[in-house]
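Please open the model in your viewer and keep the sequence beside it, as this tour moves from one selection to the next and says what is found at each stop.

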Amino acid sequence: MSTRPHRIASPLHAPAGASADKDGIVVGAGPVVVDAYIDFMCPFCKMFEQASGPTLDRLVGEGAISLVYHPMGFLDGLSTSRYSSRASASSGCASDDGRFMEYTYALFANQPPEGGPGLTDDELAEIGAMAGLTEPAFGACVRHGTYLDWTAHVTDTAIERGVSGTPTVLVEGTAVPANPQTIVAAVAAAVR
């Protein structure tokens, strides 16, 4: 008989708006689920957001889709400061204040180059002001790395599901090319 105490895993602290599996942030409440796996350091994700963001926003606004963003720490190795994970964690802080999408747009608009340090926590907090996040609690959440464990969960879960690159888009669980035309077609097919 072992006398070692059993360690009980603490429940994962996820941001407001997290999906049931706590592996993403849900935007909208439509019947068709669209999953977008992104990394805030990924230049292709920035291009995806610029090209597909308005279409996704429209589909959410029309009540056609539930959009689940999975902000990953996939490219941590391409910065000297784990920027991908820190940016993802800060997006969780923005979600707590109901401004996940606004902050997502601001992060991509201020995306640092791969291979460098990325933005500092202070800079991530300052970008929040551009997205309407002016309360001191947001900056504290970013600087304390409140959602770094959540980011690790999002990233690990995505990898377990076979996501091997960003951006990856799924419509009702089926991978589709990450462009507005194929996303719209897949959503239309899913509602038939």
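Begin with the cysteines of this predicted model, in which there is one disulfide to find. Select C93 and C141, whose sulfur atoms lie 2.1 Å apart and form that disulfide. If you display the torsion about the S-S bond of C93 and C141, the value is about -80°, and the disulfide is therefore left-handed. Colouring the helices shows C93 in helix α2 (residues 83-96) and C141 in helix α5 (residues 136-143), so the pair ties together parts that are 48 residues apart in sequence. Both ends can then be checked for exposure: C93 is buried, with a relative accessible area of 2%, and C141, at 11% relative accessibility, also counts as buried. Two further cysteines can be added to the selection, namely C42, which is buried at a relative accessible area of 2%, and C45, which is buried at 0%.

Next, keep helix α2 on display and select the whole of it. Of its 14 residues, 13 are buried, so α2 is largely enclosed by the rest of the structure. A distance drawn between the end C-alpha atoms of α2 comes to 20 Å, which agrees with the 20 Å that its 14 residues should span at 1.5 Å a residue. Moving just past the end of α2, select G98, which takes a positive phi of about 70°.

Now turn to the aromatic rings, among which the structure holds four pairs. Select F40 and F108 to see one of these pairs, a tilted one with 5.2 Å from centre to centre and 50° between the planes. This pair links distant parts of the chain, since F40 sits in the loop between β2 (32-38) and α1 (43-61) while F108 belongs to helix α3, 68 residues apart. Are F40 and F108 buried or exposed? Both F40 and F108 are buried.

For another aromatic pair, select Y103 and F138, whose ring centres are 5.3 Å apart and whose planes meet at 75°, so the pair is edge-to-face. Because Y103 lies in helix α3 and F138 in helix α5, this pair ties together parts that are 35 residues apart in sequence. The relative accessible area of Y103 is 0%, and Y103 is buried; F138 counts as buried as well, at 1% relative accessibility.

Y103 also leads to the next stop, the nonpolar side chains in the interior. In soluble globular proteins, nonpolar side chains tend to be buried together. Here the largest nonpolar core has 51 residues, and the members that touch the most others are I65, L67, Y69 and Y103. Which helix gives the most to this core? It is helix α3 (residues 100-109), with six residues. Select L67 and show its surroundings: not counting residues up to four places away in sequence, L67 touches I25, V26, V27, V34, A36, L56 and V60.

Finish with S66, which lies in strand β3 (residues 65-71). At 11% relative accessibility, S66 counts as buried. Leaving aside neighbours within four places in sequence, S66 is in contact with V27, G28, A29, G30, V32, V33 and V34. To see a polar partner within that list, draw a distance from the side chain of S66 to the backbone oxygen of G30, which lies 2.7 Å from a polar atom of that side chain.

Key
Residues are numbered from 1 along each chain as its sequence is written. This is a predicted model: local features need pLDDT of at least 70, side-chain atom pairs count only at pLDDT 80 or more; totals for chains, interfaces and linings use all residues. Side-chain values use heavy atoms; hydrogens and water are left out. A nonpolar core is a set of buried Ala, Val, Leu, Ile, Met, Phe, Trp, Tyr and Cys residues joined through side-chain atoms within 4.5 Å. Buried means under 20% relative accessible area, exposed over 50%, partly exposed in between (1.4 Å probe, protein chains only). Helices (H or I, at least four residues) and strands (E, at least two) are DSSP runs, numbered from the N terminus. Contact means heavy atoms within 4.5 Å. A disulfide is a pair of cysteine sulfur atoms within 2.5 Å. Rings of Phe, Tyr and Trp (its six-membered ring) pair if their centres lie within 6.5 Å; planes under 30 degrees apart count as stacked, over 60 as edge-to-face and the rest as tilted. A polar contact is a pair of N or O atoms within 3.5 Å; within protein, one must be able to donate a hydrogen and the other to accept it, and residues adjacent in sequence count only if both atoms are side-chain atoms. The expected span of a helix is 1.5 Å times one less than its number of residues.
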